[in-house]
Amino acid sequence: MRYIHQHPQWPAFHWDDAKLLPILSGVRLRQGRLLGQMEGLGFRFRAEAGLENLTAEVIKSSAIEGTVFDPEAVRSSVARRMGLPTTSEVTAGRDVDGAVEMLIDATQNYDQPLTTDRLLGWQSALFPAGRSGMKRILVGEWRTPDMDPMQVISGPLSRDHVRPKNIHFEAPSAKRLPDEVAQFLKWFEASDTTDAVLRAGLAHLWFVTIHPFEDGNGRVSRAIADMALARAEGTGLRFYSMSTQIEAQKKQYYDILERTQKGTLDVTDWLVWFFACLDSAIAGAHASLSRIIQKSSTWERINGALQVGERQKFVLNALLDGSNPELSTSRYAKLAKCSLDTALRDMKQLVEAGILEPGPSGGRSTTYHLR
């Protein structure tokens with residue numbers, strides 16, 4: 001078995017333009033339309049769309065590798081780093097904060113050079129305790145020769161506990177890594193005529209094939225692809241989540257990676273899959289966009305009825321963002337961190353302005369919702 005990185009011409013990837021260009025043109029068109037729609041919303045609501053999609057990206061990229069994060073903790077961590085208000089009282093752990101920090105750096109600082117130090121820092125952020133699960137791993141360094149051969153495997157071990165049932169891929173040896181990473185970074189930062197979205201697909205494949213870390217290669221590869229897509233779009237705000245789509249097609253993702261890594265340097269099939277995944281991610285963003293537009297129009301109506309204060313604005317956003325649409329006086333006081341009397345006065349203003357309306361129950365158990 002000869003892997004893609006063992007070909008004499010590695011890494012001289014090539015592809016079928018005739019097959020790719022019509023697909024890429026369609027993706028680029030829909031990508032442009034989405035960016036145009038988001039541009040019309042104004043910075044505040046674009047930032048909220050970015051918050052939603054960065055949160056999804058962190059959660060789903062980790063889920064692909066079997067790591068489950070609390071969505072509320074991730075959203076709270078992303079919001080703090082974006083300078084956006086959050087109603088969450090959940091404290092994110094160091095592993096959540098590290099995954100968020102990596103993606104924020106990759107996307108918001110997309111115009112800064114990708115360097116060895118950044119890559120090592122990203123991988124270190126993913127494993128702040130120096131462990132992957134219960135296993136101690138090497139962080140902030142390339143893998144070492146004693147880890148060779150670095151294999152992606154599945155299935156139970158054989159009786160001798162040496163040969164696994166399935167070897168999906170074997171990465172380049174550790175002694176090759178400094179040169180391999182240097183060559184990748186030189187290409188990533190070079191200017192050429194390759195379409196920027198196509199470069200994102202190549203970058204994802206190339207880096208995950210080098211597999212320079214003991215662990216975290218998949219998440220770093222997807223962060224690199226997000227960085228390349230941010231460069232293609234000229235914005236650090238993410239309006240769709242590639243990892244959400246990849247996680248939904250996880251088996252196909254690993255299958256196409258394995259076929260490509262066991263194939264030739266013709267990566268047409270990988271790029272076709274990558275473009276289709278990106279197209280689906282953009283299509284999925286329209287559901288998120290419709291919620292943001294609805295919120296925008298709701299705020300236009302609210303601002304036309306009353307000049308709301310900061311406490312009221314904070315609580316109304318919590319209603320619009322959360323899954324619980326009902327508001328009681330005690331919940332208002334808890335969210336706004338104020339007394340019950342202050343909460344009652346604030347809510348009375350909102351009811352009189354026609355922004356809130358009471359539910360059917362009366363007295364102290366009255367709940368309210370947005371009109």
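Is Phe 13 buried or exposed? With a relative accessibility of 13%, Phe 13 counts as buried, where buried means under 20% relative accessible area, exposed over 50% and partly exposed in between, for a 1.4 Å probe and protein chains only. The model is predicted, and local features need pLDDT of at least 70, side-chain atom pairs count only at pLDDT 80 or more, and totals for chains, interfaces and linings use all residues. Residues are numbered from 1 along each chain as its sequence is written, and side-chain values use heavy atoms, with hydrogens and water left out.

Phe 13 also leads into the aromatic residues. Rings of Phe, Tyr and Trp (its six-membered ring) are paired if their centres lie within 6.5 Å, with planes under 30 degrees apart counted as stacked, over 60 as edge-to-face and the rest as tilted; by this rule there are 17 aromatic pairs. One of them joins Trp 10 and Phe 13 edge-to-face, at 5.4 Å centre to centre and with 85° between the planes, and Trp 10 is buried at a relative accessible area of 11%. The pair of Trp 187 and Trp 206 is tilted, because the ring centres are 5.1 Å apart and the planes stand at 45°. Since Trp 187 lies in helix 6 (residues 177-189) and Trp 206 in helix 7 (residues 196-210), this pair ties together parts that are 19 residues apart in sequence; helices (H or I, at least four residues) and strands (E, at least two) are DSSP runs numbered from the N terminus. Both of these tryptophans, Trp 187 and Trp 206, are buried, and they belong to one aromatic cluster whose members include Trp 10, Phe 13, Trp 142 and Phe 213.

We turn next to the empty space. On a 1 Å grid over the protein atoms alone, a cavity is a set of points where a 1.4 Å probe fits but cannot get out, a pocket is an open set with protein on both sides within 12 Å along at least five of seven lines, and lining residues have an atom within 4 Å of a point. Grid points are joined across faces, edges and corners, and a volume is the space filled by probe spheres set on the points. The structure holds two cavities of 30 Å³ or more. The largest cavity has a volume of about 70 Å³, and of its 13 lining residues the closest to the centre are Glu 57, Val 58, Ser 61, Met 102 and Leu 103. Helix 2, helix 4 and helix 8 each supply at least two residues of that lining. The second largest cavity has a volume of about 50 Å³, and its lining, which includes Glu 57, His 204 and Phe 274, receives the most from helix 8, with four residues.

The second largest pocket has a volume of about 1000 Å³; 37 residues line this pocket, and Glu 65, Ser 132, Glu 214, Asp 215 and Gly 216 are the closest to its centre. Helix 10 gives the most to the lining of this pocket, with six residues.

Helix 10 (residues 250-261) is also where Glu 258 is found. The side chains of Glu 258 and Lys 262 are joined by a polar contact of 2.8 Å, a term for a pair of N or O atoms within 3.5 Å of which, within protein, one must be able to donate a hydrogen and the other to accept it, while residues adjacent in sequence count only if both atoms are side-chain atoms.
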